[in-house]
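Colleague: I would like to go through the packing in this model element by element. Please keep the answers short and end each one on the item I ask for.

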Amino acid sequence: MKIIGTGSSLPKKIVTNEALSELVDTSDEWIRTRTGIRERHIATEETTTSLAAEAAENALKSAGVAPEELDLIVAATVTSDRIIPMLSCEVQARLGAKKAVAFDIGAACSGFLFALGTANAYLNTGKYQKALVLGAETLSKIIDWTDRSTCVLFGDGAGAVVVTSEEDSLLGMVQGSDGASGMALNCVNRMTDNPFHKAESTTFSYVHMDGPAVYKFAVRTVPKAIQEALAEAGIVADEVDHYILHQANLRILEAVSARLKQPMEKFFTNLERCGNISAASVPILLDEVVRAGKIQKGDIVVLAGFGAGLTWGACVLRW
Ligand code: COA
């Protein structure tokens, strides 16, 4: 599998830390020093589908691939606009990618890494040649905008890559899950409420998080996952040119960089402008740095995601 095109899309509306401090008891200083985030994009006119479709069109354009050539569309999201049809099928319809098999996967902030792994497994069967892999979220729909401990962290957006089986640049890939610790970051879906069973509540719930528990999980697990993917690739951390990690918190990135003994200069970030966009954050950041010409052919790139589930994933690519 090789990534041959990238694309992204962010909502027009930007919400600054100052704007949030008018909604809840917080401050720009608290948010910046605890997380590194200054502002985030929030969908007002856009939907998960419109953002994903725009990211997909940009990725297809940069790959020089027509929608009709796609054999597969895998979309990672926890905030599709509808439960059915799935985001991937809505994007398929918008693109006119009639030949593609399309489905969604849910692995929260690791979603893009899991979707990339799924696409790779499909390509390895030999039946599929070209795939579109998406991460797209409008987390603003599932955030409690009166809860200062979560509403300052997240944003909306979509990222996409086009991959082909005609070349191979994947050197190592690992994924993992720890369902037993899952309640540290949770959001209840609608409850069973029918003539046979009355729900305790029919109100939709919002994201709840044990911030310190998730923080500890991330700084312990992500360096380990990256080391495992590097071992599979047969290379060491010093040989990596760029680390593109899920953009949850600058302090988490700094802790990972310290544990791997790698300089922060190797870690790209966009969380200052975007916050945490769950499954979309890795492909959006990847697209931004590729378009800025910051990754050269032959560079070794590590991608890594982590979050709800709990889940984590890392891969090593030769660009
Ligand atoms: N503004 C001001 N104060 C806030 C606040 C906000 N937005 N959010 C929480 N606080 C308060 C808390 O109420 C608490 O006050 P108290 O001591 O009076 O009870 C205090 O700040 C410290 O809270 P705490 O949760 O201990 O802060 P922290 O230093 O652990 O930082 C996070 C909080 C959320 C930034 C941090 O735990 C974190 O980054 N966790 C990982 C979250 C994450 O990335 N999740 C997604 C992974 S995919």
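**Packing of helices and strands**

Modeller: The model is predicted. To begin with one helix, the buried residues of α10 pack against β1 (2-9), α5 (111-124), β6 (130-138), β7 (156-164), β11 (242-245) and β12 (300-307).

Colleague: Which residues of α10 are buried?

Modeller: Helix α10 spans residues 281-291 and is mostly covered, with eight of its eleven residues buried. Buried here means under 20% relative accessible area. The residues of α10 that are buried are Ser281, Val282, Pro283, Ile284, Leu285, Leu286, Asp287 and Val289.

Colleague: Which glycine follows α10, and what is the value of its phi?

Modeller: The helix α10 covers residues 281-291. The glycine that follows α10 has a positive phi. That residue is glycine 293, with phi near 70°.

Colleague: α10 packs against β11 and β12. In what order do the strands of the open sheet of four strands stand?

Modeller: The pairing in this open sheet is mixed. β8 (170-177) and β11 have a single partner strand each and stand at the edges, so one side of each is left without a neighbour in the sheet. From one strand to the next the twist averages 10°. The order is β8-β13-β12-β11.

Colleague: In β13, what is the bridge partner of glutamine 175?

Modeller: β8 pairs with strand β13 (residues 311-318) over seven bridges, in the antiparallel sense. For glutamine 175, the bridge partner in β13 is glycine 313.

Colleague: What angle does the direction of α5 make with that of β8?

Modeller: α5 packs on the sheet and touches β8, β12 and β13. The direction of α5 makes an angle with that of β8 of about 125°.

Colleague: Now β4. Which residues point one way from β4, and which the other way?

Modeller: Strand β4 (residues 72-76) is mostly covered, and five of its five residues are buried. Both sets of residues are therefore buried, under 20% relative accessible area. Leu72, Val74 and Ala76 point one way, and the other way point Ile73 and Ala75.

Colleague: In β5, which residue is the bridge partner of isoleucine 73?

Modeller: β4 and strand β5 (residues 101-105) run parallel and are joined by five bridges. Isoleucine 73 has as its bridge partner in β5 alanine 102.

Colleague: Two helix pairs remain. Are α3 and α4 parallel or oblique to each other?

Modeller: Two packed helices are described by the angle between their axes and the distance between the axes. For helix α3 (residues 48-63) and helix α4 (residues 87-95), the axes are 9 Å apart and the angle is about 55°. The crossing is right-handed. The two helices are therefore oblique.

Colleague: How do the residues of the contact of α3 with α4 divide?

Modeller: On the α3 side the contact includes Thr48, Ala52, Ala56 and Leu60. In α4 the residues met are Leu87, Glu90, Val91, Arg94 and Leu95. The residues of this contact divide into seven nonpolar, three polar and three charged.

Colleague: And how do the residues of the contact of α7 with α8 divide?

Modeller: The axes of helix α7 (residues 211-233) and helix α8 (residues 250-260) cross at roughly 40° and come within 9 Å. This crossing is right-handed. Among the residues that meet are Tyr215, Val222 and Ile226 in α7, and Ile252, Val256 and Leu260 in α8. The residues of this contact divide into ten nonpolar, one polar and three charged.

Conventions
Residues are numbered from 1 along each chain as its sequence is written. This is a predicted model: local features need pLDDT of at least 70, side-chain atom pairs count only at pLDDT 80 or more; totals for chains, interfaces and linings use all residues. Side-chain values use heavy atoms; hydrogens and water are left out. Axes are lines fitted to C-alpha atoms, for helices over the stretch in contact, and angles run from 0 to 180 degrees between N-to-C directions. Angles under 35 degrees count as roughly parallel, over 145 as roughly antiparallel, 65 to 115 as roughly perpendicular and the rest as oblique. A crossing is left-handed if the near helix is turned anticlockwise from the far one by less than a right angle, and right-handed if clockwise. Contact means heavy atoms within 4.5 Å. Ala, Val, Leu, Ile, Met, Phe, Trp, Tyr, Cys and Pro count as nonpolar, Asp, Glu, Lys and Arg as charged, and the others, Gly among them, as polar. Buried means under 20% relative accessible area, exposed over 50%, partly exposed in between (1.4 Å probe, protein chains only). Two strands pair if DSSP finds at least two bridges between them.
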